[in-house]
Amino acid sequence: MTISFPPPSLAQPDALGAVLQQQGYAVLDAAQVSALSAVPLAALSLWRPLWDTLPADHYLRDGGRYRRRRHSSFVVQGAQVTLVPHRAHWQPVAYNALHGGMQRHFEPMDLTLVEGSAWLGVLTWLGAVCSQLKGTQPWYVEAHQFRIDTTDGIGRPTPEGAHRDGVDLVAVFMVARQGVKGGETRVFDAAGPNGQRFTLSEPWSVLLLDDARVIHESTPIQPLAAGGHRDTLVVTLRAGGFQDEKPE
C-alpha cells in the first residue's frame, strides 16, 4: 500500500545527509536550498525567464507536443565545475522503456546560466551532497531544463512512468507552476511497497533522490488557465562516467 504524507522537511540544514541515508530521499524548501548552496534566492530567480525560450522536444514517442527542454553536461570534482563539450543524452531501455536506446540531441543550456557563479554554487553543493552519500569522487552531471505545457490539454512530466535514472543522485527543482492542476510527485521504495505522494509548488524547492534506493514519477498536468505549464530543473549525478551508449 502506498502511504501518503506531506512533503518531509529538514529541521536543521546539517541533517540532509542523515535524511537521505535513512529514507533515500529528502525535500528542501527554497530557503534551505539557498542556505545550503550559499546561492541567494534572488540569483536563482533571475534564471526563471530562461524557461520561456526552451526549444521543443522532438523525441516524444507518444506523439505529444507538451515538452520543451535544454540539456548540458558537466564534471564536478570538489569545488571545480567543468562544462564538457556538448553531447547527446542517452539512457538504456532498462531505465527508460519509452525513450531509452536512442541518442537524443537537445540544444545546450544558456551560457549566461551555466557560466555564472550561482550555477557553480548549486552544482558544487550537489556534488558535496553526493560525495557525502556515496564517497568523494568526480561526479558526471547532466542538467535538464524542462517545461511541460498543456498545449494538447494534458502534459506528462514523466511519460515513461515510475522509473530510476541509472545515476547516483537526482535533484528535481521546482522552477514554476502556472495555471495547472496535477503534477503530483510520487516516490516509491525500490525494494518495497512504501511510498509518498506530494506536490512540489514553491519555486526553488527541491526533491533529492538516492536513485539506487527509490523510483519516482510525476503525474500528468491539466490546464486551469490558458498557457498552463510546469517548469523544472533536473540535475543528475553519476559516478564513473556519463551514461553513454556502449559500442556493439
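Is tryptophan 204 buried or exposed, and what is its relative accessible area? In this predicted model, tryptophan 204 has a relative accessible area of 3%, and because the cut-off for burial is under 20%, the residue counts as buried. Tryptophan 204 sits in the loop that links β8 to β9 (206-210). Its backbone is worth a look as well: phi is near 75 degrees, a positive value in a residue other than glycine.

A positive phi also turns up at alanine 38, where the angle is near 60 degrees and the residue is again not glycine. Alanine 38 belongs to the loop between α2 (30-37) and α3 (41-45). Here the surroundings can be read from the accessible area: with a relative value of 66%, and exposure set at over 50%, alanine 38 is exposed. The two loop residues thus offer a handy pair for inspection, with tryptophan 204 buried and alanine 38 exposed.

Following the chain from the loop of tryptophan 204 leads to β9. Five of the five residues of this strand are buried, so β9 is largely enclosed by the rest of the structure. In a regular strand, side chains alternate between the two faces of the sheet. In β9, Val206, Leu208 and Asp210 point one way, while Leu207 and Leu209 point the other way, and all of them are buried.

The pairing of β9 adds to this picture. Strand β1 (residues 25-28) pairs with β9 in the antiparallel sense, over four bridges; within this pairing, alanine 26 has leucine 208 as its bridge partner. Strand β5 (residues 169-178) also runs antiparallel to β9, and five bridges join the two. Phenylalanine 173 finds its bridge partner in valine 206 of β9. Leucine 208 and valine 206, the β9 partners named here, are among the residues that point one way from the strand.

Attention now turns to open space in the model. Rolling a probe the size of a water molecule over the atoms shows where empty space is left. The largest pocket holds about 200 Å³ of space. Its lining is made up of 13 residues, and those nearest the centre are Gln23, Tyr25, Asp189, Asn194 and Gly195. By class, the lining comprises five nonpolar, six polar and two charged residues. At least two lining residues come from each of α1 (16-23), β7 (185-189) and β8 (195-198). Of the contributing elements, β7 provides the largest share, with three residues.

Notes
Residues numbered from 1 in each chain as written. Predicted model: local features only at pLDDT ≥ 70, side-chain atom pairs only at ≥ 80, totals over all residues. Heavy atoms only, no water. 1 Å grid on protein atoms, 1.4 Å probe; cavity = no way out; pocket = protein on both sides within 12 Å on 5 of 7 lines; lining within 4 Å. Points joined across faces, edges and corners; volume = space filled by probe spheres on them. Nonpolar A, V, L, I, M, F, W, Y, C, P; charged D, E, K, R; others polar. Buried < 20%, exposed > 50% of the residue type's maximum accessible area, 1.4 Å probe, protein only. Pairing = 2+ DSSP bridges.
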